[in-house]
Amino acid sequence: MPAGSAPLLPPLAAGPSSLWRLGSGYLNSFPKDKHYKALNTAVHQEGPIGLGEHYFQQPEGMLLPRSRPTPAPPQKASCRLWAAMGKLQSKLRHSTYKYRPDGIIEERTQTNAFQEYSPAHVDTVSVVAALNSDLCVSGGKDKTVVAYNWKTGNVVKRFKGHEREVTKVSCVHKSDQFFSASRDRTVMMWDLHGSVQPRQHFSGHAMVVTGVAVSPDSSQLCTGSRDNSLLLWDVGTGQCVERAAVSRNLVTHLCWVPREPYVLQTSEDKTIRLWDSRGLQVAHQFPTKQHIQTYCEASEDGHMCISCSSGFGGEGCEATLWDLRQTRDRICEYKGHFQTVASCVFLPRALALMPVVATSSHDCRVKIWNRDTGACLSTLSLDGSGPLTSLAVGDTRSLLCASFSRGIHLLRVDHGPGLELREVAAF
C-alpha cells in the first residue's frame, strides 16, 4: 500500500473471536460491533473477480492481497453453467390448487411433468393468440411475430418487420391472416401462407400501439395507443377512415364485440369504454374502477365482457364481469390474485358443466372461476415463470399462457370431481 494511505478499515481488536475467512462471503464468529457493518459492506462491494487485487484487513491490522483465481477454460465454464441451469430447471415446481364444494382446498405439486419444446422466442413473450385449433401467434421483446404449432412443438413461420417490441396480436376469424402492434408505433398485417413481409402497414399513432382489434367481417381494424387516440382503418386500402381522442385515455387493450359494430376498450384512466365503430363515438362508459384496467374480453355471444385490474398485495388485482346488453352494470367480481391481473378469457361452454372464465396474473398464477358465482374452481402456480402476460384459448381443453421468463405454457383442463389445471408443455 502506498505510503501515507489510510487503511481500508479502522484497526480491529485481535483475538480468536474475531477471526474471519477471507473471500468466503461470510464472517466466522465476528463480534457484532460497530465495525461489523463496515467490514461486511466491504466484503460484498468488492470489484469483479480477476480485475486486480483487492485488499482486506485482518483483525491485527495487516493487509493481505486477495489472490486472483485462475479462470476456468471457456468450454468447462460453459459446461458448468449449463449444469447449473439443468439443476435449477429440475427444481421448478408447479402447484395446482383444487377447490372442492365442501370448501377444502387440495394442493397437488407437479415436478417436470411437461414437455419442453423448442422455444418460440428468445426473449419475453408479450402476447399470444390462437389462430386455429393447432396454431397460435405470439409476439415479444425480440421484435418478431411467430406462428407456432403447439400440438407438435414446431415453429411454422417467423415474421420480422417491427423495429421494437411487439405488444399485441389479433387474428382474423376463420382466416390465416393476423395483425401485430408494436412499440415502434405501427401495426402490420401478415398472411401465414404469404410472404414474410407484411401484407399491409398501418402507421398513424404518435406513441406505442397498445390495442388492436379486427371487425367480425375483417374489413375494418381499430387501433389504440398511449397517445390517447383510437384510429379506425380500412383493411383493404390501409387508409385511416376515422380518428377519435379522449384526454388521458391511455389505451391498454381493445376487443371487437362479436356480431356487433362495437369496440370494447380499457384504459389507464381506470375506465372501460364501449365505442360505436360507425363514426367512432363513445356509446357507453362503465362505472370507473379503483385501479388501472389492463385488459378486456367479450363473450362469444356478445352479451358480456370481462375487464382486469392492476394492483398489488391483493389490493385491486381482480377481474370484473359486465353486462353489455341492457343495464351494463357489474355482474360479478373474481378476487384471489395478489398482483396485477394481465389477461382474462371466457372458456368454451363444453369445457365444464357451468360457465367458466380464466385469468392470468403477474403473481405467476392462472385461475379458473365459476362465471356466475365468482367461486375459484382451480389454481395453477407456474413457479419461476415471472409475470404471466397473456392468456388465450387453444381448443376446448387447452389454454395458452405467455410469461415473462419462460416463454409460452400449454395448459390442459382435466375433468374429474372438479376442474384441475395442469401444464403439459412449454415453448
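Visitor: Why is glutamate 165 called buried or exposed, whichever applies?

Guide: Buried means under 20% relative accessible area, exposed over 50%, and partly exposed in between (1.4 Å probe, protein chains only). Glutamate 165 has a relative accessible area of 17%, so it is buried. The model is predicted: local features need pLDDT of at least 70, side-chain atom pairs count only at pLDDT 80 or more, and totals for chains, interfaces and linings use all residues. Residues are numbered from 1 along each chain as its sequence is written, and side-chain values use heavy atoms, with hydrogens and water left out.

Visitor: What makes the contact of glutamate 165 and arginine 183 a salt bridge?

Guide: A salt bridge is a side-chain nitrogen of Lys or Arg within 4 Å of a carboxyl oxygen of Asp or Glu. For glutamate 165 and arginine 183 the N to O distance is 3.2 Å. Glutamate 165 sits in the loop between β9 and β10, and arginine 183 in the loop between β11 and β12, 18 residues apart. Helices (H or I, at least four residues) and strands (E, at least two) are DSSP runs, numbered from the N terminus.

Visitor: How do you class arginine 183?

Guide: Its relative accessible area is 37%, so arginine 183 is partly exposed.

Visitor: Which parts does the salt bridge of arginine 406 and glutamate 116 tie together?

Guide: Arginine 406 lies in the loop between β33 and β34 and glutamate 116 in strand β5, so the pair ties together parts that are 290 residues apart in sequence. The N to O distance is 3.7 Å. Arginine 406 has 16% relative accessibility and therefore counts as buried, whereas glutamate 116, at 48%, is partly exposed.

Visitor: Why is strand β6 described as largely enclosed?

Guide: Five of its six residues are buried, so β6 is largely enclosed by the rest of the structure.

Visitor: How do you know that β6 and β7 pair?

Guide: Two strands pair if DSSP finds at least two bridges between them. β6 and β7 have five bridges, in the antiparallel sense. A hairpin of four residues joins β6 to β7, and alanine 130 stands opposite cysteine 136.

Visitor: What makes β18 and β21 edge strands?

Guide: The open antiparallel sheet runs in the order β18-β19-β20-β21. β18 and β21 each have a single partner strand, so one side of each is left without a neighbour in the sheet.

Visitor: How confident is the predictor in the protein, by mean pLDDT?

Guide: pLDDT is the predictor's confidence in each residue, from 0 to 100. The mean is 81, and 74% of the residues reach 70 or more. Over residues 1-93 the pLDDT is below 50.

Technical notes:
Contact means heavy atoms within 4.5 Å.
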